[in-house]
Each structure stands twice: as C-alpha cells, then as structure tokens.
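Here are my comments on the model you asked me to look through, arranged as numbered points so that each can be checked against the coordinates.

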Amino acid sequence: MLYLIGLGLSDETDITVKGLEIARTASRVYLEAYTSILLVDTAILEKYYGREVIVADREMVESASDEILRDAQTVDVAFLVVGDPFGATTHTDLVLRARSLQIPISTIPNASIMSAIGSTGLQLYNFGQTVSMVFFTETWKPASFHDRVRENRDIGLHTLILLDIKVKEQSLENMARGRRIYEPPRYMTVGQCASQMLEVEEIKKEEGEGKHGVYGEESLAIGAARVGGKTEKFVSGTLRQLCSADEELGGPLHSLVLLGKRTHELEHDYVREFAVDKEVWDRIWKRDYEGQQ
Ligand SMILES: C[S@@+](CC[C@H](N)C(=O)[O-])C[C@H]1O[C@@H](n2cnc3c(N)ncnc32)[C@H](O)[C@@H]1O
C-alpha cells in the first residue's frame, strides 16, 4: 500500500495518530521536501518516529518514482507531505503511477495552508481562486496569476497567494560545469510578494489594463507567517506597508492574502487587530471597502 500522509504545518507533533502509526511501521518512509517545509529538521522527525526518513527531492519524486513505489504492492510505503497531501500540491503523478502498477493507495489528510489561513479571521467561504507567485528575475516576471486575482477581485473575494520556495537550485555556472553544488534554499517573503505584486500592477497598467489596475499601493492585505506554529504571526496593512513588514513577520514560511471588497464586518474587525497602522487602515477601509459587501 502507498500511504500519502499529511504532516500538518508546524512540527513533528502535528501528524495524526493514524499517520504516526503508519510512519512507525511502514517498510520505508519518504519525506517530500520541496513544495513546503516543516519548522523542524528531518532528524527530529526521525527521532519522533523512531526510524529512518528518506528525504525525497523533486528529482526523485518526478523522475525516479519507481524507486519510491518499489514493492508497494506487497509492503507499506509511507510518503509524508507537509500540510495536506492534496492541499495545493497534488502529487497526482505519483498516485497515477502507483495506480498503473496496481498499488493500493490510502490518504491520511491533515491541516493545509489552504484551510489554516482561516486563522487570519477571514472566512474560507469568502476566498476565491488561490494563486502562486514565483521569484521574479530581471528578465522573467511571469504574471499569469494576475487574471485570477482580477476575477476574484471582480466578485469581491479574497485571494490567497502562496509564495515560491527554491530548494536544491543550481547556479547557471555550476550547471554549465556539471557541478552538483546547490545554492542555499530561498523562501519568498511577504515583503517580496507585495513589492512584486505592485510591480505587476505597473506592468499591466503600461500594457493598458485600466488606469487603476487591479490592486494598488493602498489595497489592504494580510501577511501570514508560520501559520499553525507556536510563533505564528499576522500583519495587516496596505500593500505598500507590507513591502517592509518582513522583520515583524520573521522567518519562513510566509503567505499573503489580498482582501476582497465583500469583507464581512466581523472579518474586518478581526483583521484590523493585526494592522501595522490602525489609522491608515481605518481611513482606507472607510474610503474603499466599507459598504461594498
Ligand atoms: C505548495 S504550498 C503548500 C502545500 C501544502 N501541501 C499544504 O497543504 O499546506 C507551499 C506554500 O504554502 C505557504 N505555506 C505553507 N505552510 C505555511 C505556513 N505554515 N504559514 C504560512 N504559509 C505557508 C507558503 O507560501 C509556501 O511557500
């Protein structure tokens, strides 16, 4: 059997009892370590489960999945995924490959950032499509997510933006020389996301997409860090203010929510508590959001 086991969002103790029993007894245990991270090291997981955990990078999951699935028709293999195995990351390729090899599959769900973001006080019912933002380079600024942000905005819904993670990246020079030397991991921050969001708005405006774009410097948003962990932190403010909120938010992982105009009063009151500057928040709320629901 192939077990896809959700680990939840913070540390080794977030795994469910059901997941833990399988992780302790399966023949092999893999940890998917490239789409999200726990706030603790693999060694701590190994200690907690009392066994070896094999770290599976993207290359292994995408190109060498047969090794992960080896003999899973007759033995139990556990594949651990941070968050929920089907929350934002789907791993459908692995499941389809397992099915084609007649391997039975079982999923043990857990909390995902897609559900835990409700602890900002925003109602999950009021979220539209979730989007992802990748690190821009000088020459590559992909903005395909912008259409979905606009669709959410047009019907007043909030947008959850999941942020890029780069692990096991190689510099062009090392790649060209065939050296297997990796750059340190990088996790996009709320500040980087907010400033890239404003950059995209400028590009879209130059391309003639309306005078005011979709979101602007004074659009209200919420930065969320280490949701579900002991050091969880939320900061709300304008996109311009969130560009410099990284110090207050602290280490990874971060996500950003763009506030929709159909925000319920209770959601507003909850989120206002995290505001970097309540006066600015109130002024913009009254001018642009109040009465729009
Ligand atoms: C591909 S998604 C994670 C999917 C994961 N399977 C889940 O269900 O949560 C990874 C992104 O989600 C966001 N994320 C995940 N965990 C988070 C947390 N605890 N706090 C804030 N953002 C988080 C970050 O933007 C991160 O880069």
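The points below take up the domains, the ligand shell, selected residues and the backbone geometry of this predicted model.

1. Domain layout. The domain assignment divides the chain into domain 1 (2-111) and domain 2 (114-289), and the C-alpha centres of the two domains lie 28 Å apart. The contact between them takes twelve residues from domain 1 and 13 residues from domain 2. On the side of domain 1 that touches domain 2, the residues are six nonpolar, five polar and one charged.

2. Database domain. A UniProt record, an unreviewed entry, lists residues 1-178 under "domain: Tetrapyrrole methylase". In the model, the end C-alpha atoms of residues 1-178 are 37 Å apart, and the span is 31% helix and 18% strand.

3. Shell around the ligand. The ligand is surrounded by 24 residues, of which the closest are Gly-83, Gly-87, Ala-88, Ser-112 and Val-227. By class, the shell consists of 13 nonpolar, nine polar and two charged residues. Both domain 1 (2-111) and domain 2 (114-289) contribute, with at least three residues drawn from each. In terms of secondary structure, at least two shell residues are supplied by each of helix H6 (113-116), strand S7 (159-163), strand S10 (220-225) and strand S12 (254-258).

4. Annotated positions. The UniProt feature "binding site", again from an unreviewed entry, is placed at Leu-9, Asp-84, Gly-87, Ser-112, Ile-113, Leu-163, Val-227 and His-254. Gly-87, Ser-112 and Val-227 from that record are also among the closest residues to the ligand in the model, and the next two points look at Ser-112 and Val-227 in turn.

5. Ser-112. Ser-112 is found in the loop between strand S5 (105-108) and H6. Ser-112 counts as buried because it has 22 C-beta neighbours inside 10 Å, where the cut-off for a buried residue is 20 or more. Apart from neighbours within four places in sequence, Ser-112 is in contact with Gly-83, Asp-84, Gly-87 and Ala-88; of these, Gly-83, Gly-87 and Ala-88 are listed with the closest residues to the ligand.

6. Val-227. The loop between S10 and strand S11 (233-238) holds Val-227, and this residue too counts as buried, since 21 C-beta neighbours lie inside 10 Å. When residues up to four places away in sequence are left out, Val-227 touches Leu-9, Ile-113, Ala-116, Ile-117, Ser-119 and Glu-232. Leu-9 and Ile-113, two of these contacts, carry the "binding site" feature in the UniProt record.

7. Helix H9. How far apart should the ends of helix H9 (residues 190-206) lie, given 17 residues at 1.5 Å a residue? The expected span is 24 Å, and the end C-alpha atoms are 24 Å apart, so the model agrees with the expectation. The buried residues of H9 are Val-190, Gln-192, Cys-193, Ala-194, Gln-196, Met-197, Val-200 and Glu-201. Just after the helix, Gly-208 adopts a positive phi of about 95°.

8. Glu-46. Helix H2 (residues 42-49) contains Glu-46, which counts as partly exposed because it has 15 C-beta neighbours inside 10 Å. Beyond residues up to four places away in sequence, Glu-46 touches Arg-51, Glu-52 and Val-53. Glu-46 and Ile-105 are 59 residues apart in sequence, and their C-alpha atoms are 23 Å apart in space.

9. Backbone geometry to inspect. Most residues other than glycine have a negative phi, and most peptide bonds are trans. Asp-71, in the loop between helix H4 (65-68) and strand S4 (77-81), has a positive phi near 65°, and this residue is exposed, because 11 other C-beta atoms lie within 10 Å. Gln-102, in the loop between helix H5 (92-100) and S5, likewise has a positive phi, of about 60°, and Gln-102 is exposed with 8 other C-beta atoms within 10 Å. Finally, the peptide bond joining Pro-252 and Leu-253 is cis, with omega about 0°, and Leu-253 is found in the loop between helix H11 (246-249) and S12.

Definitions and conventions: Residues are numbered from 1 along each chain as its sequence is written. This is a predicted model: local features need pLDDT of at least 70, side-chain atom pairs count only at pLDDT 80 or more; totals for chains, interfaces and linings use all residues. Helices (H or I, at least four residues) and strands (E, at least two) are DSSP runs, numbered from the N terminus. The expected span of a helix is 1.5 Å times one less than its number of residues. A residue is buried if 20 or more other C-beta atoms lie within 10 Å of its own, exposed if 12 or fewer, and partly exposed in between; C-beta atoms are placed from the backbone. A residue is near a molecule or strand if its C-beta atom, placed from the backbone, lies within 6 Å of it. Ala, Val, Leu, Ile, Met, Phe, Trp, Tyr, Cys and Pro count as nonpolar, Asp, Glu, Lys and Arg as charged, and the others, Gly among them, as polar. Domain bounds come from an automatic or database domain assignment. UniProt positions are given in the numbering used here, feature names are shortened, and annotations may be inferred rather than shown by experiment. Two residues are in contact if their C-beta atoms, placed from the backbone, lie within 7 Å.
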